[in-house]
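Please open the model in your viewer and keep the sequence panel visible. The stops below are arranged so that each selection leads to the next.

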Amino acid sequence: MHRCLELAKLGAGHVAPNPMVGAVLAYEGRIIGEGYHKEYGKVHAEVNCIESVKEEDKKLIEKSTLYVSLEPCSHYGKTPPCADRIIKEKIPVVVIGCRDSYEEVNGRGIEKLKGAGVEVIENVLNKESVELNKRFFTFHQKQRPYIILKWAQSNDGMIANADHSRVFISNKEVNRLVHKWRSEEAAIMVGTNTALHDNPELTVRLWEGKNPVRIVIDKDLKLPQSLKIFDGSVQTIVFNKIKEEQGNNIFFIKINNNDFLRNVCTSLYQLNIQSVLIEGGTKLLQSFIDSDLWDEARIVVNDQLLIGNGIKAPVLKNEKLKSKEKIVNNTISYYEHE
């Protein structure tokens, strides 16, 4: 199952809104097949695993045990049900990391396998399997994206100078890591002031990976169209109070101002956007914190930088520190929402 989880991670950034899944087929302690879900809409892990078995080992499939990090699907989506393929191959034992909370599956895959006489063993490395797909589970259980807050601050708790002029807080190694983070999420979000003063591209450039959907909160449509986020190179969503419009890969979505952020989350859920990395600024980040609309926070502190009179960083509430890491002069603290 540890190997299943390793394989599953290879699909990060490519399979959302589907979950990451890994599968291993073993016969008497020897792995004869491996596979993972490589791309959204394409073949699932179990099928890739079965089809990876060499010709000389195919006769062993019906005597082997299939290990899979998530319950096999039992419904027709973009691909046929994996449970049907397992039954067809006469695999006698299936070991599952955790159940799939998606309503189309959620126990049905297990029932289908058991109904066909397959022995099913559940909850092997359950905690680790759930953690791997926390975005997927949050999306379906809470009907909103998995929300990650990220910001960089000086050692005295500032994110920028008082006049909004930019200060380079993160070092180059951490900047590269942030681009890796971007590649792993479905979307990246900033507020009006960050878009206006920093003019960010919000793309993946220092890491190999797919660009996330760009999201900007611009309630009153104050932002000039000359900004980099409006260049049309990446799908961009502008949440606002004024208009619904689309063109040049830019989507203006009108949101009711009553409980604006929750309405934004509902809209993202309807758009099938499973996770969002929120990169600023303070006002937007604090709004999500105060609304209890966050799951994880990653805070970068430059241990040697003091700004003095500046714009204060957000303040977390109901947080639990998971871990810390130091990269040269930067310390990254990882928190989860309690």
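Select Ser 69 and Gly 22 first: in this predicted model, a polar atom of the Ser 69 side chain lies 3.1 Å from the backbone nitrogen of Gly 22. Ser 69 belongs to strand 3, which covers residues 65-70. Is Ser 69 buried or exposed? Its relative accessibility is 2%, so Ser 69 counts as buried. Display the surroundings of Ser 69 next; leaving aside residues up to four places away in sequence, the residues that Ser 69 touches include Met 1, Cys 4, Leu 5, Ala 8, Gly 97, Cys 98 and Ser 129. Met 20 and Val 21 are also among them.

**Salt bridges**

The structure holds 25 salt bridges, and a few of them merit a separate view. Select Glu 279 and Arg 182, whose side chains meet in a salt bridge with an N to O distance of 2.9 Å. Glu 279 lies in strand 13 and Arg 182 in helix 7 (residues 172-184), so this pair ties together parts that are 97 residues apart in sequence. Both Glu 279 and Arg 182 are buried.

Move to Arg 85 and Glu 89, where a salt bridge joins the two side chains at 2.9 Å, N to O. Arg 85 has a relative accessibility of 21% and therefore counts as partly exposed.

Then select Lys 243 and Glu 245, whose side chains form a salt bridge at 3.4 Å, N to O. Lys 243, at 26% relative accessibility, counts as partly exposed, and Glu 245, at 45%, also counts as partly exposed. For a network, select Glu 131, Lys 134, Glu 296, Arg 298 and Lys 322, which are joined into one by salt bridges that share partners.

**The largest pocket**

Return to Glu 279, and add Thr 194, Asp 198, Gly 280 and Gly 281: of the 46 residues lining the largest pocket, these five lie nearest its centre. The space in this pocket amounts to about 1,300 Å³. Colour the secondary structure elements to see where the lining comes from: those that each supply at least two residues include strand 6 (146-154), strand 7 (158-161), helix 8 (192-198) and helix 10. By class, the lining comprises 18 nonpolar, 15 polar and 13 charged residues.

Helix 10 (residues 282-290) deserves a selection of its own; its buried residues are Thr 282, Leu 284, Leu 285, Gln 286, Phe 288 and Ile 289. After helix 10 comes Asp 292, which has a positive phi near 60°.

**The cavity**

Keep Phe 288 selected and add Pro 145, Ile 147, Met 189, Val 264, Cys 265, Leu 268, Val 276 and Ile 278; together they line the largest cavity. Its volume is about 30 Å³. Which element gives the most to this lining? Helix 9 does, with three residues. The lining consists of nine nonpolar residues, with no polar and no charged ones.

**The second largest pocket**

Finally, select Ala 12, Met 20, Arg 135, Glu 184 and Glu 185, which lie nearest the centre of the second largest pocket among its 45 lining residues. About 1,000 Å³ of space lies in this pocket. Helix 7 gives the most to the lining, with six residues; helix 1 (2-9), helix 6 (134-142) and strand 17 (330-337) are among the elements that each supply at least two. The lining divides into 20 nonpolar, twelve polar and 13 charged residues.

Note on methods
Residues numbered from 1 in each chain as written. Predicted model: local features only at pLDDT ≥ 70, side-chain atom pairs only at ≥ 80, totals over all residues. Heavy atoms only, no water. Helix = DSSP H or I, 4+ residues; strand = E, 2+ residues; numbered from the N terminus. Buried < 20%, exposed > 50% of the residue type's maximum accessible area, 1.4 Å probe, protein only. Polar contact = N/O pair within 3.5 Å; in protein donor to acceptor, adjacent residues only side chain to side chain. Contact = heavy atoms within 4.5 Å. 1 Å grid on protein atoms, 1.4 Å probe; cavity = no way out; pocket = protein on both sides within 12 Å on 5 of 7 lines; lining within 4 Å. Points joined across faces, edges and corners; volume = space filled by probe spheres on them. Nonpolar A, V, L, I, M, F, W, Y, C, P; charged D, E, K, R; others polar. Salt bridge = Lys/Arg side-chain N within 4 Å of Asp/Glu carboxyl O.
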